Amino acid sequence: MKRVPATFTPPIMLDGRKKCPIYRQLYDWFRSAISEGRIRPGQRVASTRSLAMELQISRISVFNAYEQLHAEGYLETLRGSGTRVATTIPDDAFRPSSVASRKQRRQVHAKSGQRRVSARGLALSRLPTQPWLNTLGAFRVSLPALDQFPLGVWSKLLMRHCRRQSRSMMAYGDAMGYLPFREAIAEYLGTFRGVQCDSSQILVTTGSQQALQLTAQVLLDPGDPVLTEDPGYPGAQLAFTTAGAQLIPVSADGEGMVVPEILIRRRSARIAYVTPSHQYPLGTTMSAARRMSLLNWAVRSGSWIIEDDYDSEYRFGSRPIASLQGLDVHGRVIYIGTFSKVLFPALRLGYVVLPKDLVPAFSAARDAADIFSSILYQAALTDFIREGHFARHIRRMRMLYMDRRTALVNAIQTHMGDVAHTIGAEAGMHLVALLPPGIDDVSISKEAARSGISAMPLSTCYLKRPTRGGLILGYGGVNDRQIHDGIRKLRISVRRFIPS
Ligand SMILES: Cc1ncc(COP(=O)(O)O)c(C=O)c1O
């Protein structure tokens, strides 16, 4: 095959009808592109041959322009690596005009917040965020033990599929996902979670968040009521809010969503969103009685239940609890799962198990959104599951997280036992340290962040007024030493607000 250039050709406009010669127009273009920062110091430029070919001009014109740029210090040639923009640009390159144009562009960017975007876009940009929680250390919620993931096995499986990717694997795929992967998921869910489904009902997504987004898009019209647990998962609240839904908080207690609250108030809704295996964030499990009455309510009112089963693989001390979907004989439950917690979040793979009649609408919605997920990762993960690595990893992590959970509970008891009460430590990868009534958990969380600790304030998961503040502490990704150091630091932050 003919050698092809390894650089991109910029959009250079040359006009042969102008009096100014072509080489000079080319020189001017490069000079201003360099001085305005559109091409950066050190960036490679095309060879004279390939630029002449791409722009359909004579090579001598390119040669003359480059020679002038070299002479003035804008370009430099390194032996063996071609021509590039000089790493030290001449001072006069930053002419007042180019500085002015950069300033102008900055002003436009600064003003862009005031320019018209949709009502949805505006609402999104005004949503509260908690950037101070974004560290990789103790006690970042939702982070598994990344250093324990079997990277060796994973890279072998990826390589296996990379090397032998068929044409069909490299082309456009099915919006529902890669069939062998959906078959492996269906088998896993049937065995491990008691989910009743076959592969035709499984839609592979880029994590639970996309599953929630698609569900909202397919099932909700603006203004539709959605019941959510309170406190609840902010990611779900986000997905429903952006679809224009009206969120109706329903209290959550030691038995999960307080279903009697819905029944007493005769609430009807399009959707009830629940985390029955491990309520987010309180960590409780929905009782059998509540499950049955939620299912009955859904059948009677013609509503959908979204079951978010985000981390049910990790249950300590008691046997795994079967899914709500498995109890549903009327096709009212949409079951969502993810590989973010059980493997790692950057994989961006999750799934929805759909009642059969919803499959066409969801498939079309996925097609309209981003068509389908990367097949390479789906193929590698299929083998990871089929060859037993998945089950092995879950087993190993369950033991590890159980130890970490115990270490965290003990550390809280030892260092903060007088001010914090632990709940929700029976399953998953996080627990809640409840604080005394009236304490501002957001201020404590911000104070803790100053010493590098990520402690999510419980109050930010409430739609109604929280009864009590607390700190949501993830322990999946923290080792014993980090747990002990972290709790000591957290104690200092807490003490600033609750003196002993
Ligand atoms: C309740 C709940 N659902 C789902 C997820 C996972 O989201 P994703 O699969 O988009 O990474 C999380 C992660 O924090 C969660 O807490």
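How do the residues of the shell around the ligand divide into nonpolar, polar and charged? They comprise four nonpolar, six polar and three charged residues; here Ala, Val, Leu, Ile, Met, Phe, Trp, Tyr, Cys and Pro count as nonpolar, Asp, Glu, Lys and Arg as charged, and the others, Gly among them, as polar.

The model is predicted, with local features requiring pLDDT of at least 70 and side-chain atom pairs pLDDT 80 or more, while totals for chains, interfaces and linings use all residues. Residues are numbered from 1 along each chain as its sequence is written, and side-chain values use heavy atoms, without hydrogens and water.

Select the ligand, then the residues around it (a heavy atom within 4 Å). Of these 13 residues, Ser142, Ser208, Asp308, Thr338 and Ser340 come nearest.

Turn next to the polar contacts (pairs of N or O atoms within 3.5 Å). A polar side-chain atom of Ser142 lies 2.5 Å from a ligand oxygen atom. At Ser340, a side-chain N or O atom is 2.7 Å from an oxygen atom of the ligand, whereas Ser208 places a backbone N or O atom 2.7 Å from a ligand oxygen. The protein buries 91% of the 400 Å² that the ligand exposes when taken alone (Shrake-Rupley method, 1.4 Å probe).

Finally, search for disulfides (cysteine sulfur atoms within 2.5 Å): the whole structure contains zero.

Note on methods
Polar contact = N/O pair within 3.5 Å; in protein donor to acceptor, adjacent residues only side chain to side chain.
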